[in-house]
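Welcome! Here is a short tour for anyone meeting this structure for the first time. Take a look at the sequence and the model, then read on.

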Amino acid sequence: MTAPHSLPDTLFDTAVVAGVGLIGGSLALGLRQRGLARKIIGYDASFVALQEAEALGVVDEIKTKPGEWLRDADLVVLAAPVRVLPALARELAPFLNPAALVTDVGSVKSGIAAELEALGVRNFVPGHPMAGSERGGVTHARAALLENAVWVLTPTDHTPLTALSRVRTLVEELGAAPVVMPPDAHDSLVATVSHLPYLASLALTHLVARDERLSLLAAGGFRDLTRVASGDPRMSRDMVVANRAALREALLRFRRQLERLEADLEDPEELLAAAQEGKRTRDSLPVVKRSLLPQKHDLVVAMPDRPNQIGRVTQALGAAGVNIKDIEVLAIREEGGALRLGLESVEAVAQAAELLTQEGFEVRSRR
């Protein structure tokens, strides 16, 4: 077991992260790496997840049942999936220190504040870090996942200003950017930028699933567009169902946009204007940079359908001292496939390309 922190200027003495999945684990690692808590306790319904979190050094202690040990916590983060957040709050509330700062990371905010208020939890600040990955679980947790992310805080009329100020400080210390708005405004906005794209991804992937010819033509652009469909199905289902009222409004607006674009098929100039507006909007979207994750530069390698080809690539680069930061199999076909290598610099890409070309591989760089 990892020893508790002994830094003198921590924000919290004992932090409890209730739910040690991707977001909860990333938050716990952020608390640890930035010295924001002397001791971090993980609480989860899954003992396997807790064991992984402890083995990975994400938390200092693990707990499977609520109890008097919670009285020592001065920070409690509810990091379970949105469907079980109310039940989790009911489990922990009887044991919380009245002075403890409590927040959550749920993707839907309407309702959770009322639940905590009914339970008598006074210092509760609803929150939602706009960060995530299609790869879930504590094994994929990274403190850098939260760096530079927009972290929405949705106080109500009953949220103490001192509690809101403390959570803002926590978010900033974790390297994220706090944004404050009402809960209903959050849910409406997230319905458009997060939950609607998920349903759109499902619809597109279902079209492909029902015609095998489409799957032969679905290349990188389609994969990028439908990436969110690779998330945990049950968790994603719970997320959109919990926000169904706001999502229905977003779907209505989306249908109107599709109808407008359908009409524009008969007017090329209008369609061009729509395309130009779309490009301007897309190009103006901010790129979130995770400062703890160095930028990676991609090299795509064509892979012949023969044994040990990935081994040949990694061995050749390893022998030359080229560090592979990320690796992904992009495609597998009867005649072969492709491998994406994430390297740490443009120079590394050039060196790897030269080495692999000498080994007989076809390569191309991708930024």
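Two strands are said to pair if DSSP finds at least two bridges between them. By that rule β2 and β3 count as a pair, because 3 bridges link them in the parallel sense. Please keep in mind that this is a predicted model. With that in hand, we can walk through the sheet, the helices, the salt bridges and two loop residues.

**The open sheet**

- An open sheet brings together 6 strands in the order β3-β2-β1-β4-β5-β6, and their pairing is parallel.
- Which strands form the edges? They are β3 and β6 (124–125), each of which pairs on one side only.
- Where β2 meets β3, Y43 has K63 in β3 as its bridge partner.

**Helix α2 and its two sides**

- Helix α2 spans residues 47–55, and its buried residues are A49, L50 and A53.
- These three lie on the same side of α2, because they cover an arc of only 100° around the axis.
- A general rule helps here: an α-helix has 3.6 residues a turn, so residues three or four places apart point the same way.
- What do the buried residues of α2 pack against? Their partners are the strands β2 (37–43) and β3 (61–63).
- Turn to the face of α2 pointing away from the buried side, and you will find the exposed residues V48 and A55.
- Just after α2 comes G57, which takes a positive phi of about 75°.

**Helices lying across the strands**

- Helix α3 (residues 85–92) lies across four strands: β1 (12–18), β2, β4 (75–78) and β5 (101–104).
- The direction of α3 is at about 150° to β4.
- Helix α5 lies across β1, β4, β5 and β6, and it runs at about 60° to β5.

**Strands β8 and β9**

- Strand β8 is joined to β9 (residues 177–180) by 4 bridges, and the two run parallel.
- On the way from β8 to β9 the chain passes through α5, making a β-α-β crossover that is right-handed.
- Within this pair, L153 has V180 in β9 as its bridge partner.

**Salt bridges**

- How many salt bridges does a search of the whole structure find? The count is 14.
- As a general point, side chains of opposite charge can pair when their charged atoms come close.
- One of these salt bridges is between the side chains of D13 and R38, at 3.5 Å from N to O.
- D13 belongs to strand β1 and R38 to strand β2, so this pair ties together parts that are 25 residues apart in sequence.
- D13 has a relative accessible area of 40% and is therefore partly exposed, and R38, at 25% relative accessibility, is partly exposed as well.
- Another salt bridge links K39 and E61, whose closest N and O atoms are 3.6 Å apart.
- K39 sits in strand β2 and E61 in strand β3, so the pair ties together parts that are 22 residues apart in sequence.
- K39 is partly exposed, with a relative accessible area of 22%, and E61 is partly exposed with a relative accessible area of 22%.
- E68 and R71 form a salt bridge too, with the closest N and O atoms 3.0 Å apart.
- R71 counts as partly exposed, because its relative accessibility is 33%.
- R83, R237 and D238 are joined into one network by salt bridges that share partners.

**Two loop residues to look up**

- T154 is found in the loop between β8 (150–153) and α5 (161–173).
- Is T154 buried or exposed? It counts as buried, because its relative accessibility is 0%.
- Leaving aside neighbours within four places in sequence, T154 is in contact with K109, P126, M181, P182, P183 and H186.
- N148 lies in the loop between β7 (127–129) and β8.
- Although N148 is not a glycine, its phi is positive, at about 70°.
- For background, most residues other than glycine have a negative phi.
- N148 is partly exposed, as its relative accessible area is 38%.

How values were computed: Residues numbered from 1 in each chain as written. Predicted model: local features only at pLDDT ≥ 70, side-chain atom pairs only at ≥ 80, totals over all residues. Heavy atoms only, no water. Buried < 20%, exposed > 50% of the residue type's maximum accessible area, 1.4 Å probe, protein only. Contact = heavy atoms within 4.5 Å. Right-handed = clockwise from strand over helix to strand, strands pointing away. Arc of directions from axis to C-beta. Axes fitted to C-alpha atoms, helices over the stretch in contact; angles between N-to-C directions. Salt bridge = Lys/Arg side-chain N within 4 Å of Asp/Glu carboxyl O.
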